[in-house]
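Student: I have a two-chain model open and would enjoy a guided look at one part of it. Could you take me closely through the place where the chains come together, and then a little way beyond?

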Amino acid sequence: MKISMTVNGKPVSAEVETRTLLVTLIRENLRLTGTHVGCDTGQCGACTIHMNGQAVKSCNLLALQAEGADILTIEGLAKADGTLHPMQEAFREHHGLQCGFCTPGMVMSAVDLVKNHPNPSEETIRAELDGNLCRCTGYHNIVKAVKAASAKM
Amino acid sequence: MGDMNTIGVSVKRKEDYRFLTGAGNYTDDVTLPHQSYACFVRSPHAHAKIKGIKTDKALKAPGVLAIYTGEDWAAAKVGGLPCGWLITDVNGQPMKEPLHPCLAQGKANHVGDQIAVVIAETYNQAKDAAELVEVDYEVLPAVVDVASALKKGAPQIHEAAPGNTCYVWALGDKGATDKAFASAAHVTKLEFINNRLVPNAIEPRAVNASYARHDESYTLYVANQNPHVERLLMTAFVLGLPEQKVRVIAPDVGGGFGSKIYLYAEDVVLTWASKHVNRPIKWTAERSESFVSDAHGRDHATTAELALDKDGKFLALRVHTKAAMGAYLSTFGSCVPTILYATLLAGQYTTPVIYAEVTAVFTNTVPVDAYRGAGRPEATYVVERLVETAAREMKIDPAEIRRRNFIKTFPYQTPVALQYDIGDYEATLAEAMKIADVAGFPARRAEAAKRGKKRGLGYSCYIEACGIAPSAVAGALGARAGLFEAGEIRVHPTGKVTVFTGSHSHGQGHETTFAQVVASRLGIPVGDVDVVHGDTGRVLFGMGTYGSRSLAVGGTALVKALDKVVNKGKKIAAHLLEASDADIEFKDGVFKVAGTDKAVPFGSVALTAYVPHNYPHDKLEPGLNEQAFYDPANFTFPAGSHICEVEIDPDTGVTKIVNFTAVDDFGNIVNPMIVEGQVHGGLTQGIGQALTEACVYDRENGQLVTGSYLDYCMPRADDVPSYKVGTKVTACTHNPLGVKGCGEAGAIGAPPALINAITDALGIREIEMPATPERVWRAANKKD
């Protein structure tokens with residue numbers, strides 16, 4: 001089936017099977033491989049993107065459910081000139097990433113977190129990041145990064 | 001130029017920009033022209049005879065290119081997966097090494113054992129067709145825990161391993177140990193399970209193999225921690241391919257923690273099949289496949305006893321461990337509960353005699369191998385649980401009993417083979433106690449009690465052996481490989497530098513740390529140094545990253561190569577400055593005639609090496625490119641003190657970690673930010689083992705009960721605290737950087753600290769890991 005949507009500000013269309021997941025469309029059809037797949041039960045959050053301004057797990061949606069949607073992936077978060085979004089910059093500054101695999105999903109979740117909870121407490125940050133697994137950082141520096149970014153967003 | 005020295009500076013990571021912008025390049029991100037995809041048919045049974053496999057329907061499914069089963073594998077006359085470490089048992093006999101086939105040979109031995117592979121145009125087609133492969137199984141009784149597997153009449157997994165026993169191995173003086181126990185004033189005995197864990201790097205394992213007809217070569221992209229070893233094992237021991245015809249690339253790798261060290265069946269099957277189908281083949285594990293095919297960790301059942309005199313001085317330690325190997329021997333499975341475990345049982349203490357006996361057992365489970373810490377967390381758990389329990393039983397303060405037994409003079413020869421070069425255990429303990437405000441604990445405990453909460457405090461003073469390893473020592477202990485590291489410093493004509501290292505980074509930040517080492521020594525900006533790793537086609541050789549060895553061994557190889565660069569540079573400079581070689585000194589990026597102002601910068605020397613118009617051709621070759629191999633003289637011995645404070649709600653059984661302090665001695669530190677990050681991550685994995693994570697098999701049918709993130713409880717952000725970390729430094733005595741390694745410390749030290757805190761809070765002797773709210777609630781309410 002043919003499907004159309006806006007991804008990172010550009011109109012895109014693709015031919016997909018009805019069972020194609022949104023994350024598969026993003027990674028395989030659009031070759032935006034910054035969005036990752038870390039599990040098959042909607043638990044790890046590595047595939048988190050923004051759909052119509054909200055953080056969603058793109059492995060938990062069929063591509064067809066995104067018909068006409070406005071999609072933002074990690075590739076579209078920095079400015080066109082390459083300047084990092086304050087959340088990306090804070091992750092870099094505070095060493096909020098190690099292997100980098102959970103990072104795109106973590107950053108996309110964190111941006112949504114701060115939008116919904118301006119100036120969040122550590123407790124709020126930890127609770128709201130419950131949907132994203134990181135095996136490397138122990139979350140310590142991710143929490144620091146989100147806190148720091150919230151002051152600049 | 002002095003500010004080019006960044007040793008000890010928290011330089012922000014060079015690799016972060018690509019990871020933060022989605023430009024990382026992991027194996028699954030690599031898609032090749034004419035890409036095809038593989039799906040494995042896996043055993044749904046823990047133990048079953050394979051009476052027949054029908055592939056006719058599957059072969060006719062849309063898009064299918066080929067299907068291979070164990071029969072094809074046997075016909076191709078390729079070998080099984082090798083084990084890299086030979087353990088010799090108590091009778092001088094080699095361990096039992098049953099065939100570890102890449103595709104099952106007539107029998108499946110664990111849930112997830114690979115039976116067949118389907119290769120198709122798309123992944124969905126391969127997956128659909130895999131469901132059409134009909135396997136006729138005769139289900140056999142299964143055994144999944146070590147104690148049951150050793151019982152008489154237990155189901156037998158391999159004919160080659162009677163009694164499901166791989167080996168019985170021992171270390172230490174049994175007679176002297178037994179004698180010390182006989183005269184001890186006090187004996188503390190504990191029995192415990194060191195719970196089986198699933199490493200769970202967030203990037204699933206992935207492979208993309210291809211074959212090039214024009215030069216008969218193979219290229220294998222694989223999520224792996226040591227590509228050269230992967231290639232060596234695959235070519236020399238399994239497929240019999242010429243090693244030079246195989247290029248293994250481990251690009252960005254999304255975490256490893258041990259689980260990506262090994263040569264896996266999927267890697268071999270795809271490489272082999274890529275020639276037969278003449279297409280690149282990609283396989284990426286679904287998480288549910290990772291759970292049943294990635295090597296697991298731990299899984300020990302141990303009885304341990306500590307003998308003490310009346311003053312709490314340790315007299316002897318006696319340990320009996322049954323260690324699961326799983327259904328087959330994984331690449332380093334055999335050395336984890338022996339060489340990496342029993343040798344660490346002295347801990348930080350002067351215990352004069354130690355005896356350890358280890359029985360390695362086959363079970364119908366996923367193979368067990370090194371997982372962050374590998375043997376050392378298990379050893380530390382034994383020692384630190386015993387020490388804390390003995391202190392409580394003898395009413396000696398747990399910090400004081402440790403101080404009475406600390407090793408204080410170095411080098412120190414332990415009774416279990418290792419020689420510690422240096423350390424200061426009192427310093428790390430004192431600093432940890434200060435940061436954790438141990439003095440204020442009684443007041444905090446009393447205050448919590450008023451609120452109906454139970455507070456507890458637990459210590460753990462761990463040691464580990466890192467910088468693996470002196471090859472001759474490892475070889476004498478059974479290693480079938482060398483454990484050196486290789487590196488190359490390629491200085492370009494413009495004075496920029498590319499570093500090639502056999503170490504591999506999958507989160508550790510080598511691209512930054514190694515660049516700091518090189519840039520500081522050459523007096524150039526960190527930005528002028530690029531680090532290449534993870535590619536047998538570009539890097540000369542390598543033994544890879546595990547055992548916290550990268551900087552201590554890989555970094556030292558680079559220092560040796562740097563010394564060669566500087567020496568050659570001095571000769572070039574001497575020529576340019578019309579001085580003798582011996583008079584040239586190199587400092588802050590400048591070659592200078594000692595005691596004069598005659599100088600030439602590093603960049604000019606580099607340019608001269610490649611534009612050798614004015615050059616001592618009679619004495620020197622052009623170019624500035626040096627290689628070095630480094631084989632360490634000893635292990636390194638990072639050590640530290642962890643203190644955990646918990647508050648338990650007896651009504652819910654929920655344990656809250658209110659304070660976790662870790663003070664470690666990693667030797668000299670190149671990048672404190674990265675080191676702290678390694679500690680945080682290790683602590684969280686250790687806390688995961690102690691509090692949330694358990695790999696559970698059904699004892700009746702051998703099914704993996706915790707086969708997804710829904711059932712296997714990974715620590716999440718709200719399960720762990722912010723940590724208080726500190727360091728003390730005693731520089732390693734036998735490598736030029738004075739570094740020891742920091743990757744595994746947290747996972748080693750944390751579990752006993754946490755369990756010691758919980759048992760303290762509840763006033764109990766033992767609680768099984770993970771101390772889930774249910775277990776804690778039952779203990780708090782004295783219900784079984």
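Tutor: Gladly; we will begin where the chains meet, move on to the nonpolar cores, and end at a single serine. Please keep in mind throughout that this is a predicted model.

Start with the meeting of the two chains. On one side, 48 residues of chain A take part, and they are in contact with 53 residues of chain B. Together the chains bury about 4300 Å² between them, and 53% of that area lies on carbon and sulfur atoms. Polar interactions are there too: 32 residue pairs are in polar contact between chain A and chain B, counting pairs with both residues at pLDDT 80 or more. Several elements of chain A supply at least two residues each to the side that touches chain B, namely helix H1 (22-29), helix H2 (86-93), helix H3 (103-116), helix H4 (122-128) and helix H5 (140-150). Of these, H2(A) gives the most, with four residues. Sorted by character, that side of chain A holds 17 nonpolar, 18 polar and 13 charged residues. As for charge pairing, five salt bridges are counted between chain A and chain B. If you would like one to display, pick B:Lys12 and A:Glu93, whose side chains meet in a salt bridge at 3.9 Å, N to O.

Now turn to the nonpolar cores. The largest has 219 residues, and those with the most contacts inside it are A:Phe91, A:Val146, B:Leu345 and B:Ile758. Helix H19 of chain B, residues 745-762, gives the most to this core, with ten residues. For a closer view, centre on B:Ile758: beyond its neighbours within four places in sequence, B:Ile758 is in contact with B:Val646, B:Ile648, B:Thr655, B:Leu691, B:Ile767, B:Ala771 and B:Val776. Apart from the largest core lies another, of 46 residues, which includes B:Leu522, B:Val559, B:Ile572 and B:Leu737.

Finally, go to B:Ser217, in strand S10 (residues 217-222) of chain B. Is B:Ser217 buried or exposed? B:Ser217 counts as buried because its relative accessible area is 15%, below the 20% cut-off. Its side chain makes a polar contact of 2.7 Å with the side chain of B:Asp215. Setting aside residues up to four places away in sequence, B:Ser217 touches B:Ser210, B:Tyr211, B:Ala212 and B:Lys245. To place this spot within chain B, you can also draw a line to B:Gly667: B:Ser217 and B:Gly667 are 450 residues apart in sequence and 43 Å apart in space, C-alpha to C-alpha.

Note on methods
Residues numbered from 1 in each chain as written. Chains lettered and ligands numbered in written order. Predicted model: local features only at pLDDT ≥ 70, side-chain atom pairs only at ≥ 80, totals over all residues. Heavy atoms only, no water. Contact = heavy atoms within 4.5 Å. Buried area = accessible area lost by both parts, 1.4 Å probe. Salt bridge = Lys/Arg side-chain N within 4 Å of Asp/Glu carboxyl O. Polar contact = N/O pair within 3.5 Å; in protein donor to acceptor, adjacent residues only side chain to side chain. Nonpolar A, V, L, I, M, F, W, Y, C, P; charged D, E, K, R; others polar. Core = buried A, V, L, I, M, F, W, Y, C linked by side-chain atoms within 4.5 Å. Buried < 20%, exposed > 50% of the residue type's maximum accessible area, 1.4 Å probe, protein only.
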